[in-house]
Amino acid sequence: MKECKTTKSGISTSLKVLESGGAIVHSEKSQTRCNFHSSIFLDCVTSTQNSPSSYSNLAPSNSGTFLPLWLREKEIQIEGTGLIITYGRSNPTIKADGIQFVEQELIIKGNGANKSSIIQKNTSQILLIVENSQLSSFGLTVELWGASASLIQSQGNGMSIINGLRVNGRNFEGAFVQGSIFEIISGELSLIDIQIKDVNIIENNQEKISVNKRRMKMKGLIEMKENGQLLYVEKFLITNINVEYINKKQRMSSIIMNAGHLKLRDSTFLGEAYTSVGSAIRAYPTGPSTIDVEGVVFKEQGDGQGTNGGAVYVDMRVFDVQISFKRCIFIGNKADYGSNVFIAYSSSSQRLRRDSFIGCSAIVENSYESDISFCYSVQDNDDEIFIDERNLIHSSWNRQKNEGVIRFISNYDSNHPFDSSIKCGSPQIPCDKFTSLFQYLEQEPESMDGSSGRVETIIITNEKLSSSFIDLSLTRSSIVNIVGLWYDRTVLNAQTNSKNVMIQSGLNQNIVIERLQLSQSPESPLIGFIRTQ
């Protein structure tokens with residue numbers, strides 16, 4: 001269906017006009033089945049104005065009576081285009097595998113994530129192909145049932161946006177998938193508020209590849225192919241991914257980069273039960289690329305059996321990758337070397353600068369885990385591993401067990417102001433100062449396992465931070481670690497206060513201060529730095 005257009009103008013509003021810029025289906029009977037296999041909707045427009053201002057391809061209506069399109073548009077203030085499905089008392093069964101929306105906006109709305117679902121049953125068909133389009137999902141879950149093809153494929157020369165999608169493998173026995181969830185063939189893809197959980201993956205053993213090509217054929221839940229330009233991920237949660245392999249040399253990770261630029265924001269890679277090689281990010285670039293990560297938790301990635309790079313692996317032996325990580329937490333990740341990060345360099349001159357990792361922390365159980373937290377190799381010498389970049393990711397002097405004891409303070413500006421009504425201190429939403437952190441901590445109940453209601457590490461990503469009185473007894477911890485960027489970059493300035501001291505410990509509390517300077521301002525020359533008791 002190409003360039004389907006319907007326009008209503010100059011008609012009395014009392015006249016009920018049925019409009020559809022593509023196809024419209026209305027069902028009154030129960031158990032109605034609709035099949036839109038491999039349908040393509042291209043440049044379809046329906047408008048009640050001279051020029052359309054908004055679009056929605058899929059606009060289901062669960063009202064008891066059938067509403068003409070013009071009335072539906074008037075009530076919900078959204079114009080429909082492309083495909084419209086309405087129904088009466090019972091939900092119809094809809095098949096839409098291989099359906100394509102080109103330069104369109106698709107809105108899919110269900111009755112709740114546990115009540116409405118889209119099932120990818122065909123083992124060889126891609127469920128949706130988006131090209132410079134937008135897909136928004138509300139109140140439903142996409143279920144995976146043994147598909148060998150990708151769930152959603154993105155292509156084109158512009159940006160496609162997918163928002164609110166919930167993907168669930170349900171962990172059904174024998175319900176393995178072989179394809180990726182998202183596949184970026186070309187162009188740009190933005191994934192916002194996406195959740196993937198309980199997926200069983202098995203290797204596609206029918207694809208035979210040579211050793212030289214294996215590096216470019218690694219599998220991922222999200223795959224950026226050679227012509228992919230940008231992947232932007234925000235508010236992303238992935239958990240409980242189980243992988244079973246036939247070929248142990250094949251790798252499966254959450255995000256596989258073969259090209260382009262990755263921007264990852266405010267996300268969590270949590271509790272992935274990989275049975276073989278698995279990382280959150282693995283990059284094998286075929287051209288200059290960038291990885292930009294901020295406010296992300298990497299937890300329980302990898303399995304540590306004959307692998308390098310538990311959470312992040314980057315291959316820079318052919319092309320450089322510009323890397324930036326800010327306010328990230330690494331916990332419980334496993335690998336032989338580089339349990340959190342491993343980089344394969346072509347030359348030692350490529351080694352990362354220390355500002356490539358800003359305000360990042362690793363929770364480790366012992367000094368050995370600290371040593372192998374960040375490793376690298378040079379050229380193809382896999383037998384010679386270096387550990388002297390481990391300090392790029394901070395690990396506390398006190399052995400911690402939970403990411404909840406690490407809190408963050410960071411800069412805000414007029415373009416991104418601090419919102420005092422939102423709980424702060426997490427990697428995703430840092431506080432603006434100590435007083436804000438302690439204010440929200442006071443309202444947070446302390447859990448039995450100590451994972452909430454207390455602070456052991458405070459990471460400051462500001463270059464300059466002024467503070468008056470800091471009462472560390474409010475942290476509810478026996479030891480507090482205050483960490484800056486580096487000694488020559490973070491300055492903590494003392495301000496005038498009635499206690500005549502900037503930092504005061506709790507009773508018998510230990511204080512560890514790292515990577516920052518304490519400074520007296522001209523306005524408060526008599527203020528002391530630290531008082532213990």
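Is Phe 236 buried or exposed, and what is its relative accessible area? In this predicted model, Phe 236 has a relative accessible area of 3%, and because anything under 20% is counted as buried, Phe 236 is buried.

Let me stay with this residue for a moment, since it leads us to the aromatic rings. A search of the whole structure finds 13 aromatic pairs, and in one of them the rings of Phe 236 and Phe 269 have their centres 5.9 Å apart, with their planes at 45°, so that this pair is tilted. The pair links distant parts of the chain, as Phe 236 sits in strand 19, residues 219-244, while Phe 269 sits in strand 21, residues 261-270, and the two are 33 residues apart. Phe 269, for its part, has a relative accessibility of 0% and therefore also counts as buried. Another tilted pair is made by Phe 325 and Phe 330, with 6.4 Å from centre to centre and 40° between the planes, and both of these residues are buried. If you now look for these four phenylalanines together, you will find them in one aromatic cluster, which is formed by Phe 236, Phe 269, Phe 298, Phe 325, Phe 330, Phe 357 and Phe 374.

Phe 357 takes us on to the cavities. There are three cavities of 30 Å³ or more, and the largest has a volume of about 80 Å³. Its lining includes Phe 357, Cys 360, Leu 392, Trp 486 and Arg 515, and, sorted by class, the lining has eight nonpolar, three polar and one charged residues. Where does the largest cavity lie with respect to domain 1 and domain 2? Both domain 1 (24-34 + 80-202 + 218-395) and domain 2 (404-531) give residues to the lining, so the largest cavity lies between them. The second largest cavity holds about 60 Å³ of space, and its lining, which includes Ile 108, Ser 137 and Leu 165, has nine nonpolar residues, one polar residue and no charged residues.

Cys 360, which we met in the lining of the largest cavity, brings me to the cysteines. The sulfur of Cys 328 has its closest cysteine sulfur in Cys 360, but at 4.4 Å that is too far for a bond. The whole structure has one disulfide, formed by Cys 424 and Cys 431, whose sulfur atoms are 1.9 Å apart. The torsion about their S-S bond is about 85°, so the disulfide is right-handed, and both Cys 424 and Cys 431 are buried.

Notes
Residues are numbered from 1 along each chain as its sequence is written. This is a predicted model: local features need pLDDT of at least 70, side-chain atom pairs count only at pLDDT 80 or more; totals for chains, interfaces and linings use all residues. Side-chain values use heavy atoms; hydrogens and water are left out. On a 1 Å grid over the protein atoms alone, a cavity is a set of points where a 1.4 Å probe fits but cannot get out, and a pocket is an open set with protein on both sides within 12 Å along at least five of seven lines; lining residues have an atom within 4 Å of a point. Grid points are joined across faces, edges and corners, and a volume is the space filled by probe spheres set on the points. Ala, Val, Leu, Ile, Met, Phe, Trp, Tyr, Cys and Pro count as nonpolar, Asp, Glu, Lys and Arg as charged, and the others, Gly among them, as polar. Domain bounds come from an automatic or database domain assignment. A disulfide is a pair of cysteine sulfur atoms within 2.5 Å. Buried means under 20% relative accessible area, exposed over 50%, partly exposed in between (1.4 Å probe, protein chains only). Rings of Phe, Tyr and Trp (its six-membered ring) pair if their centres lie within 6.5 Å; planes under 30 degrees apart count as stacked, over 60 as edge-to-face and the rest as tilted. Helices (H or I, at least four residues) and strands (E, at least two) are DSSP runs, numbered from the N terminus.
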